[in-house]
Amino acid sequence: MEWILPENITEQDILNSKGFVYVITNIKTQKKYIGKKFVYSQRTKVIKGKKKKVISESDWRSYTGSSEDLNNEISENPDLFQKEILSVHRTKTECNYRECELQFKYDVLRAKDEQGNYKFYNK
């Protein structure tokens with residue numbers, strides 16, 4: 001399952017950013033998940049007895065969110081899902097802010113459909 005990129009955004013733009021905000025949609029039910037992903041991770045490693053910060057590319061290409069329910073459904077039928085990057089950000093702060101902004105805008109924790117089912121996988 002590949003990411004759908006915004007118009008005029010390339011993979012290189014993503015690699016030059018700190019992170020992005022995305023939505024994963026169940027095409028059949030239209031249930032969604034809004035989240036963020038950082039492109040690089042920073043870890044501390046001990047090299048020759050000294051602590052050093054090591055930056056490496058994260059698993060952003062294959063990432064599917066932190067929702068257990070979402071990941072269970074994706075593993076059962078990945079063809080039912082679409083991953084779309086909504087915005088790319090140059091700082092972690094911008095990325096965090098945009099994720100929160102969209103989650104509040106769409107009321108991801110409380111929004112329900114006409115049958116009373118949650119519209120989002122976010123919990």
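Helices (H or I, at least four residues) and strands (E, at least two) are DSSP runs, numbered from the N terminus. This is a predicted model, in which local features need pLDDT of at least 70, side-chain atom pairs count only at pLDDT 80 or more, and totals for chains, interfaces and linings use all residues. Residues are numbered from 1 along each chain as its sequence is written, and side-chain values use heavy atoms, with hydrogens and water left out.

**Exercise 1: get your bearings**

Work out which elements the chain has and in what order they come.

Solution. Start with the tally: three helices and six strands. Now walk from the N terminus, and you read β-α-β-β-β-β-α-β-α. Next, the dimensions: the C-alpha trace spans about 60 × 30 × 25 Å along its principal axes. For the contacts (heavy atoms within 4.5 Å), take those with a separation of 6 or more; 57% of them link residues 24 or more positions apart.

**Exercise 2: surface and charge**

Find how much of the chain is buried and how its charges are spread.

Solution. Set the cut-offs: buried means under 20% relative accessible area, exposed over 50%, and partly exposed in between (1.4 Å probe, protein chains only). On that scale, buried residues are 32% of the 123 in the chain. Then take the accessible surface (Shrake-Rupley method, 1.4 Å probe; for residues, only the protein chains shown count as cover). The total is about 8,500 Å², with 47% of it on carbon and sulfur atoms.

For charge, Lys and Arg count as positive and Asp and Glu as negative, while His and the chain ends are not counted. Each charge is placed at NZ of Lys, CZ of Arg, CG of Asp or CD of Glu. That gives 23 positive and 18 negative side chains, and the centres of the two sets are 11 Å apart.

**Exercise 3: dissect the salt bridges**

Take the salt bridges Lys36–Glu99, Arg98–Glu101 and Asp107–Arg110, and describe each pair.

Solution. The criterion is a side-chain nitrogen of Lys or Arg within 4 Å of a carboxyl oxygen of Asp or Glu. Eight salt bridges turn up in the structure.

Step one: Lys36 and Glu99 pair up at 3.0 Å, N to O. Lys36 sits in strand β3 (residues 32-38) and Glu99 in helix α3 (residues 92-105), so this bridge ties together parts that are 63 residues apart in sequence. Lys36 is partly exposed at 25% relative accessible area, while Glu99 is buried at 11%.

Step two: stay in helix α3, where Arg98 and Glu101 are three residues apart, about one helical turn. Their closest N and O atoms are 2.6 Å apart. Arg98 is partly exposed at 29%, and Glu101 is partly exposed too, at 35%.

Step three: Asp107 and Arg110 meet at 3.1 Å, N to O. Asp107 is partly exposed at 29%, but Arg110 is exposed at 62%. Elsewhere, bridges with shared partners join Glu11, Glu57 and Arg61 into one network.

**Exercise 4: look inside**

Which residues touch the most other members of the largest nonpolar core, and which elements supply at least two residues each?

Solution. A nonpolar core is a set of buried Ala, Val, Leu, Ile, Met, Phe, Trp, Tyr and Cys residues joined through side-chain atoms within 4.5 Å. The largest one has 15 residues, and Phe20, Tyr22, Trp60 and Leu70 touch the most other members. At least two residues each come from α1 (11-15), β2 (19-26), α2 (68-76) and β6 (81-89). The largest share, three residues, is from β2.

Now zoom in on Tyr22: beyond its neighbours within four places in sequence, its contacts include Trp3, Tyr33, Tyr63 and Leu86. Apart from this core lies another, of eight residues, with Ile34, Leu102, Val108 and Ala111 among them.

**Exercise 5: two polar residues**

Is Asn96 buried or partly exposed, and what about Ser41?

Solution. Place Asn96 in helix α3; at 29% relative accessible area, Asn96 is partly exposed. Skipping neighbours within four places in sequence, Asn96 contacts Lys36 and Phe38. Asn96 and Gly19 are 77 residues apart in sequence, yet their C-alpha atoms are 9.1 Å apart in space.

Then turn to Ser41, in strand β4 (residues 40-47). With a relative accessible area of 18%, Ser41 is buried. Not counting residues up to four places away in sequence, Ser41 touches Val54, Ile55, Ser56 and Ser58.
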